[in-house]
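Please open the structure in your viewer and keep the selection tool at hand. We will go from one selection to the next, with a short note on what is there.

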Amino acid sequence: MILDQFKLNGKTAIVTGAARGLGQGIAVGLAEAGADVALVDILDTDKSKALIENLGRKAIGIKADLSDKGSVKTIIDKTLQAFSRINILFNNAGIIRRAPLTEFSEKDWDDVININQRTLFFLSQAVAKVFIQQGAGGKIINTASMLSFQGGILVPSYTASKSAVMGLTRLMANELAVHNINVNAIAPGYMATDNTAALRADAARNKAILDRIPASRWGEPEDLKGIAVFLASDASNYINGYTIAVDGGWLAR
Ligand code: NAD
């Protein structure tokens, strides 16, 4: 029956950037659907862990700095040690730096590209190898952005990285589909998290953004639970390489 295909019972998910914000909402959503979760973050993930354990699911925190590719092995080893399998990877962690392009520094370029793009690829590569070895398919979901579709302003490394995420989602989907591995992405619109605190604190920008969102509100982490569960589940087994906007209508306008 179709609703059973959405269930994630017995599955293990890795969610990066799971300490707060969208990653926390995604991790809790996957757990509500039945998954156990490895919570990866540079920050403490105790709050997310408690939310998941309250649902009767298992969770572990993995402290890792995703700007360093060396974190990839630790994440795989600790997840397999705790759960002995991996079924879902949600590459959610990401950072943003804002400055006019004429002043944009190499550090703000490298920091963003390393986390949002470079480690996202190498973690996906490592998880794909585990999926292939396990022989039971798998799901990789990447977090793209409105700036996978649009240019934006003041955020060149963010736009570059999120545009790359949409392209890599397609490439990975093409090479991995034969192994029953689905790779897709979500593109959140303007969501109320720490990532957008500066925008919301600027009254003029806040109003301009709200005026342009057909749904007339900022998105919340809760708004991503449905798409996260869908793309992590068997209900999406014939969806490959697609980036789905969850944006209150921003791109439709
Ligand atoms: P957030 O800053 O609240 O959360 C990001 C999480 O990633 C944090 O828990 C942070 O500690 C973690 N993280 C940052 N650097 C890390 C590192 N080096 N190693 C490990 N973990 C690290 O932001 P958010 O809004 O929840 O963003 C989540 C994802 O959604 C990001 O990829 C972001 O680009 C994307 N996104 C956000 C919005 C939005 O409007 N908030 C819109 C589109 C896309």
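Start by selecting α4 (71-83) and α5 (106-134): α4 passes α5 in a right-handed crossing, a term that applies if the near helix is turned clockwise from the far one by less than a right angle, anticlockwise being left-handed. Their axes come within 9 Å and cross at roughly 35 degrees; axes are lines fitted to C-alpha atoms, for helices over the stretch in contact, and angles run from 0 to 180 degrees between N-to-C directions. This is a predicted model, in which local features need pLDDT of at least 70 and side-chain atom pairs count only at pLDDT 80 or more, while totals for chains, interfaces and linings use all residues. Residues are numbered from 1 along each chain as its sequence is written, and side-chain values use heavy atoms, with hydrogens and water left out. Helices (H or I, at least four residues) and strands (E, at least two) are DSSP runs numbered from the N terminus.

Now show the side chains where these helices meet. From α4, pick Ser71, Val72, Ile75, Ile76 and Leu80; from α5, pick Thr119, Phe122, Leu123, Ala126, Val127, Val130 and Gln134. Contact here means heavy atoms within 4.5 Å. Colored by class, this contact has nine nonpolar, three polar and no charged residues (Ala, Val, Leu, Ile, Met, Phe, Trp, Tyr, Cys and Pro count as nonpolar, Asp, Glu, Lys and Arg as charged, and the others, Gly among them, as polar).

Next, turn to the sheet. Seven strands form an open sheet with parallel pairing, in the order β3-β2-β1-β4-β5-β6-β7; two strands pair if DSSP finds at least two bridges between them. β3 and β7 (243-246) are the edge strands, each pairing on one side only. From one strand to the next, the twist averages 20 degrees.

Zoom in on β2 and β3, which pair in the parallel sense over five bridges; Leu39 stands opposite Gly61 in β3. Bring α4 back into view: this helix lies across β1, β2 and β3, at about 160 degrees to β3. Add α2 (residues 21-32), which lies across β1 (12-16), β2, β4 (88-91) and β6 and runs at about 170 degrees to β1.

Then select β5 (138-143). Six of its six residues are buried, so this strand is largely enclosed by the rest of the structure. Buried means under 20% relative accessible area, exposed over 50%, and partly exposed in between (1.4 Å probe, protein chains only). Gly138, Ile140 and Asn142 point one way from β5, and Lys139, Ile141 and Thr143 the other way. Four bridges join β5 to the parallel β4, and Ile88 has Lys139 as its bridge partner.

Which residues touch the most other members of the largest nonpolar core? Select Ile14, Ile75, Ile76, Val127 and Tyr190, which do so among its 40 residues. A nonpolar core is a set of buried Ala, Val, Leu, Ile, Met, Phe, Trp, Tyr and Cys residues joined through side-chain atoms within 4.5 Å. The largest share of this core, eight residues, comes from α5. Center on Ile14: not counting residues up to four places away in sequence, its contacts include Ala38, Ile75, Phe90 and Val127. A second, separate core of 29 residues includes Val15, Ala33, Ala35 and Ala228.

Finish in a loop, at Asn180 between α6 and β6. Phi of Asn180 is near 60 degrees, a positive value in a residue other than glycine, and Asn180 is exposed, with a relative accessible area of 58%.
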